[in-house]
Structure formats: C-alpha cells, structure tokens
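This report looks at how two chains meet and how two helices pack. Please keep the sequence and the model in view while reading.

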There are 2 protein chains.
Amino acid sequence: MEKKIILTGDRPTGKLHLGHYVGSLAARVRLQHDHKQFVMLADQQALTDHADEPEKIRASILEVSLDYLAVGIDPKKTTIFIQSMIPALPEIMMYFLNLITWNRLKHNPTVKMEIQQKGFGEEVPAGFMVYPISQSADITAFKADLVPVGDDQIPMIEQCVEVVRKFNRMYKTDVLVEPKPVLSSIARLPGIDGKAKMSKSLGNCIYLSDPADIVAKKVKGMYTDPTHLRLEDPGKVEGNPVFTYLDAFATDKAHVEELKAHYQRGGLGDSVVKKYLLDQLQAFLDPIRARRTELAKDPKHVWDTVFKGTDIAKTVAEKTLTEIKQAMGIQYNGF
Amino acid sequence: MEKKIILTGDRPTGKLHLGHYVGSLAARVRLQHDHKQFVMLADQQALTDHADEPEKIRASILEVSLDYLAVGIDPKKTTIFIQSMIPALPEIMMYFLNLITWNRLKHNPTVKMEIQQKGFGEEVPAGFMVYPISQSADITAFKADLVPVGDDQIPMIEQCVEVVRKFNRMYKTDVLVEPKPVLSSIARLPGIDGKAKMSKSLGNCIYLSDPADIVAKKVKGMYTDPTHLRLEDPGKVEGNPVFTYLDAFATDKAHVEELKAHYQRGGLGDSVVKKYLLDQLQAFLDPIRARRTELAKDPKHVWDTVFKGTDIAKTVAEKTLTEIKQAMGIQYNGF
C-alpha cells in the first residue's frame, strides 16, 4: 500500500518551544517513518500578518530548520521546504479564489477568532483574509491525505475540503484530494505562567534552544498551585503546569504518579517537584541542544538541506498545477 | 530617452468588436511605435467571474490574438502574452495582498459598480474582490509607466499607485514604478441599438471578424433618431449611433459634416446615411478581415507568436519578482 501523504509546517516567526514539540514536532518525528511527509516553512503565510517584518521571518527560517533537524525530523524521510520558493502555490491559490465567495471567507471561524486575537479591527490585511485559500492550495498541491491540526484549525481543513469538492465538480475531475485532519493526541502544553497556551507573544515559553541555565531559571519560576502555601498543605495537580510538563516529558510515568499522589495529600514541596522536572527536561533537551549547536556551526549546510527539500517540493507542486490547468482546459499547447 | 512602458490587455471572453477598436486597439497600433508595449491576454482575470467557462476563455485567446494581429498590433513591436503563463504574477499579488486591507478592497468604486452590474449580490467570488490587487501585480511586474483605461477604470490605477507607495515605503526601496492612467481620447462607441456601450452581453456589437453580409445586416438594422419619421423631417445627430460611427470610421470628415447638416435640416433618409456608413465600415474592415482570414489558416503560428511574447514577458516579470523579494529580504541565498 502506498504511504499516506502528510502536509504540515510552521509560520517561521521565531524559534520553536516545548509547546511546538508536544503539539506537532513529536508527531512528525514519529509519523515520518510510515508516511510521506512534507513540512512547510510557511514564510508567505507569516507575511500575511507580519508584512513589515520580513527580516524576522528570514532569520526564523534558519532557527526553525535547526529546531526541526535537532529534534529528529530527518530530511531523508521528510521533505522540508520553503513556501515562497514554490511558485505553483500562489498560482493554484489564484484559481481557488474564484471558487469561494468573499462572504464565505468572512465567516471562517478560525479566521474570525484570529482577527480578534490579533486586534486587527477593520484593518485586516486582504492576504490574511484569504490565507485559508492559500492553505488549501498548499494542502492540495501536495495531495495531502492528512493534515495534523489543533482543534481550533479544523475549519481550515473544512475550507480545503470545500475547495476540493467545488473544483473537482466544476471541472469534472478527480485531480484534487480531500484532506483529513489529524488531531494531536496530546493536550496543548500550558505556559510556564500557567496560561492555557505556551506562546511567544505571552513570553511564557521554554525554547528548544534555551541554554541549560535559562531552562533552570524558567522552571524555578514556574507557576504552580497558588493555594499550596505550606509544605504540609494538599496541592492541586490539575491546572498545575509543573505536573502537565512531567506528564509530557518525564520518562518514569509511575514515579510521576507517586509524586502526584504525594503532592495532593500534602507534604511535597514545589521546589522538590520542580527539581525533578528540571532533571527530566534537561535530560530531554540535552541531546537536542547538542545537535542544534553542532548544526548551527554550518548554517550553509542547513540552508542547503532545506533548498534540496524545496526542489523536491517544487517538482511535486508543479505537477499538480499542470494537472489543475489541464483539468480546467487552460494548459495551452498551441492548437 | 528610454521608451515609456505601457501595460494594457483584454479579458479573453469573446471576439473583439468595433468598440474595442475605437476604445483601445487603435491607440495600441499607434502607441507601439514609440513605446515599449505589453498587451496581456488576461485569462486569469477572466476566470474571476467566468470560473465555470474555461473553454470559452481558451477559445477566446486565439480569437482575440487574431483580432490583435489583424488590426495591426505588430508582435515585433508589441509583446503579446498570456497572463496565466507568467507564474511571477500571482506570486507578486500574494505579497501585495498583505499591504491592502479587506476594507479598502470592499470600497473600490470600480469593483462595487461591477459587482452590481454582474448581479453577484452576496455571492462575489473572492478572486473577483481581489482582482484590483492582481491588476496591480500585472502593472508593476512590467514597471508600466502608462496604463490606458476608460474613465470607469481610474480607481484601479489609484489602487495600484497605493500599492506601489506602500511597498516602496515599507521595504525602503524604489523598485516599483507608479503608473499613470492614459484616458482614451475617443468617446465610447455606442451599440447598434443606440445603447451607451457596445457590449457582447447586450448583443449590440459589430465584430472585427463579422463577414461583410453580417455587417450589412447589422448596419441596416441600426438604431437612428426614432423621431425622424419622414424623409423631410429634421433628424437628430446627437445620440444617433450612425453618425457616431461615421465620426469614428469615415475618412472624409468634411463629407460627414455635410451629411450631418443635411440630416439635421431634413431631407436626408436614414437608408442613405446607412449606405454611406456601410461603405466606410466595409472599407475599414475589408483589410482586417482579409488578414484575419489568412492568419486563421495557421492557428499554430498565432499561438507560437503569443508564446514567444509570453517568454519575453516571463523574463521581465521574473526579474521584477526577484527585485521585489530582494527588497523584502526574502530572496534566500543560503547564508
């Protein structure tokens, strides 16, 4: 049986953190063995709400690529590529834009939520409003069967399925493939401040590239149960990010359960649990950091790895574009 | 002094008619001598409101190209090219979409008017709403100094100027050139039914490719002054398309003035004026038809002519795209 195709990726707007690892990177490392996986550095998508910061995006391409390679995304198994270097993608988007109404875009729940979060008000860039169609172009260009998403991103996949059905019906073809969402199995990692989401803009992240002393400082300052004042008090485990992180990163699950029970009945200090978490995190991060430091010595090699992936991705997307134009009857051949 | 650059073109959605000749083709034939002229077959733009009719667009590319060559647009002087074969154009559009708000697009006067004319209601394709940005990409890709337009299209040029200024300011560059509109000097040609505009959808056109007998029939049935009932009655010249056509196509202007005076004082029958108009039109159309018939014998050659132009246009647009990406700092070179 042929391997299923996955399209996934990140907007390169900064280094990746533990939340990215739990939410997507771990799955990519796992899935690359029995899937055909494309990982996109979505620089054009990043520009839709960072048009004035291309330098940051440029720099982040290298940082994110280093993160990818350091956690074990293997360029021999996974095609890592840069969105803006694939001309077929905006071309495909252009044809898709005619199939979806303005009104429909306006009511995309993910986009509506993000507009609110980003505080655009009436000043939403047109590129941002149409990015679900750009994403549909990305997904279909690689004929992705599966797209790993958070539950807040499901409307984006629904939008893509709508595009696929409209296109295939209108042009009487089956050239486009309907993608399915793959929900990440692990819950979202909270920030070190206890907020629901680890997010660069909230400044509550532990980065994969953070040096050991920074990680120590961040863990030491982590939010725990604010009602757990004295050592002998019972403490809460739910909503306590220290335990959520242990669930995600500690290898000895039985010991974590013991710690949880002890913490809940009282008598276990935050500093003891944090010390244990720190050990576990450093054990997890040490080899990643070591690989990252090694790779960072030769940025040219990292760029070349991404350029090689981009060449592969370009060929695939080009082929789909040709099929799309053939289906539409606008692949002109001179007669 | 370097020649000024012109970008112009047509949506290929049918053969061209006398209205096109008066409104744009005549100027192109004239301007090609001392300008660097690009004429775009805007198939992607045609798809924004004809997504379900790609076959018609495909067929019209050949028809419109035949019209171009038949009226004297000279491929040695003018670069005729197909929009969808220039991948740089949607790519440039993608970057421009981030500079203009959704709100701004919604208030483009030309688009608002066209939405009403086309009866889209709430169902406006997203591609149609963003076509001013696509047009800005087309204009700037060729660094056009001049864009010939009807007065209803001036907001499109204003939109492009806004894009150019935003881009150049944001990315601290002067890579994009501000275009100026060139208003067509001759008033719009009315339809044979007397309606203000010759338009395919109104079925009131004389096509450049209409055979002589069809032209005769159309001229015979032309709307004139409805109050000019008896030969001896004075007739109106204003709003009488027969005289507007004579102004546009008769070579002996003095004789046209005599006819007008005679018609206005009475005693000149419609059929006499129409006979004269028909002679003038056939004299104008005969050589065009002859060239068109000759060219149509070898459609492959016509396609090849357009493909050659497209190759030239591709190189120019590609160069601008590279400059755009360099200005943005996203022309990645591996360090």
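## Contact between the chains

Two residues are in contact if their C-beta atoms, placed from the backbone, lie within 7 Å. By that rule, 47 residues of chain B are in contact with 47 residues of chain A. The model is a predicted one, in which local features need pLDDT of at least 70, side-chain atom pairs count only at pLDDT 80 or more, and totals for chains, interfaces and linings use all residues. Residues are numbered from 1 along each chain as its sequence is written, while chains are lettered from A and ligands numbered from 1 in the order in which they are written.

The side of chain B that touches chain A has 29 nonpolar, nine polar and nine charged residues. Here Ala, Val, Leu, Ile, Met, Phe, Trp, Tyr, Cys and Pro count as nonpolar, Asp, Glu, Lys and Arg as charged, and the others, Gly among them, as polar.

## Relation of the copies

A turn of 180° and a shift of 0.0 Å along the axis lay chain B on chain A with an RMSD of 0.0 Å (superposed by least squares on the C-alpha atoms of residues with pLDDT of at least 70 in both). This is therefore the relation of a two-fold axis. The same surface serves both copies, as 100% of the contact residues of chain B recur in chain A. Of the residues of chain B, Pro90(B) comes closest to the rotation axis, with its C-alpha at 2.8 Å.
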